[in-house]
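Work through the following exercises with the sequence and the 3D structure open beside you. Try each task on your own before you read its solution.

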Number of protein chains: 2
Amino acid sequence: MTTFSLNQQLDNDCVTLGLFGSSHLLLYNNSLLPWFILVPPTEACEIFDMEPEAQQQLFAEINHLGQFVDREFNTDKVNTAAIGNIVRQLHIHVVGRYEDDFCWPNVVWGTTEKKPYSATEIQSIIARLTTKAEAHFQPASEHMIN
Amino acid sequence: MTTFSLNQQLDNDCVTLGLFGSSHLLLYNNSLLPWFILVPPTEACEIFDMEPEAQQQLFAEINHLGQFVDREFNTDKVNTAAIGNIVRQLHIHVVGRYEDDFCWPNVVWGTTEKKPYSATEIQSIIARLTTKAEAHFQPASEHMIN
């Protein structure tokens, strides 16, 4: 068992929301789209190199998160991808898309248009996860509401 | 049970290789990269909207195909994605990437550089699937070698 350490670039670009199942759940800090990233606790760079049980767990998390994004953000399509050409730490993008969003119908990767979230907007997303995905989501301690 | 019908754009852009598990296996007709596409027999546009058993089956296929691409094409990274902004029929890209390929480290979606396969190259890929992924792959009848 090794300690989880988040890649520096992911840490710079995202807000850590908490745990989603056993994965770390990040919010890519661009309020133009509901763009989430799952980072499972593994040293494998490819899902097919993970242990079978961990793969199953991750696939379930991807599904639950995709469903949450689709239902809660009323998206037109969910884009799901494991790319990792630049950041090798295994991470899975789950991005809600709209037919009138800033880069539709192209993919979001490689785009630069960006609008960071306000603290209130982040709290609102955490509140939605806490109420609507309560079986899967555990907020990070800094986001806990006492 | 409905008859499977392949989206016209996928049909235009790809060669149907056969079945991989229960999904149709396509080869995107660009020999610059080992770019495969799985099309599961479903009317759902999102994996999370498929029946649980079909989801499990598809995830297993994605893993087996990713492993095949990685091992057989000796790739540096495998990019796996369900996007579907343009073609809504559910399809999953499994793309082998190299650190010196034509669009590294960017994603392949949206690129236009292309070199179609020769018939011999396609037969060679089918032969590799038949010998190295024999538990999963069933060539389409037009590719069967008598």
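**Exercise 1. The surface and interior of chain A**

Find what the accessible surface of chain A comes to, and what share of the residues counts as buried.

Solution. In this predicted model, the accessible surface of chain A comes to about 7,100 Å², and 49% of that area belongs to carbon and sulfur atoms. For the interior, we take residues with under 20% relative accessible area as buried; by this cut-off, 50% of the 146 residues of chain A count as buried.

**Exercise 2. The fold of chain A**

Describe the secondary structure of chain A and decide how its radius of gyration compares with the globule rule.

Solution. Begin with the elements: chain A has 3 helices and 6 strands, and, read from the N terminus on, their order is α-β-β-β-α-β-β-α-β. Next, compare the radius of gyration of chain A, which is 15 Å, with the 15 Å that the globule rule gives for 146 residues; the two values are close, so chain A is as compact as a globular protein of that length. The C-alpha atoms of the chain fill a box of roughly 40 × 40 × 25 Å, taken along the principal axes. Finally, turn to the contacts in chain A between residues at least 6 apart in sequence: among these, 58% join residues at least 24 apart.

**Exercise 3. The cysteines**

Determine how many disulfides the whole structure contains, and explain the result for Cys45(A) and Cys103(B).

Solution. Recall that a disulfide is a covalent bond between the sulfur atoms of two cysteines. The search requires two cysteine sulfur atoms within 2.5 Å, and over all chains it finds 0 disulfides. For Cys45(A), the closest cysteine sulfur belongs to Cys14(A) and lies 17 Å away, which is too far for a bond; Cys45(A) itself is partly exposed, with a relative accessible area of 33%. For Cys103(B), the closest cysteine sulfur is that of Cys14(B), at 16 Å, again too far for a bond, and Cys103(B) is buried, with a relative accessible area of 9%.

**Exercise 4. The two copies**

Work out which rotation superposes chain B on chain A, and through which surface the copies meet.

Solution. A rotation of 180°, with 0.0 Å of shift along its axis, brings chain B onto chain A with an RMSD of 0.0 Å. The two copies are therefore related as by a two-fold rotation axis. Among the residues of chain B, Ala81(B) comes closest to this axis, with its C-alpha at 2.0 Å. As a last step, consider the interface: 100% of the interface residues of chain B are also interface residues in chain A, so the copies meet through the same surface.

Key. Residues numbered from 1 in each chain as written. Chains lettered and ligands numbered in written order. Predicted model: local features only at pLDDT ≥ 70, side-chain atom pairs only at ≥ 80, totals over all residues. Heavy atoms only, no water. Least-squares fit on C-alpha atoms with pLDDT ≥ 70 in both. Contact = heavy atoms within 4.5 Å. Buried < 20%, exposed > 50% of the residue type's maximum accessible area, 1.4 Å probe, protein only. Helix = DSSP H or I, 4+ residues; strand = E, 2+ residues; numbered from the N terminus. Rg over C-alpha atoms; globule rule 2.2 N^0.38 Å. Areas by Shrake-Rupley, 256 points an atom, 1.4 Å probe, with all protein chains shown as cover.
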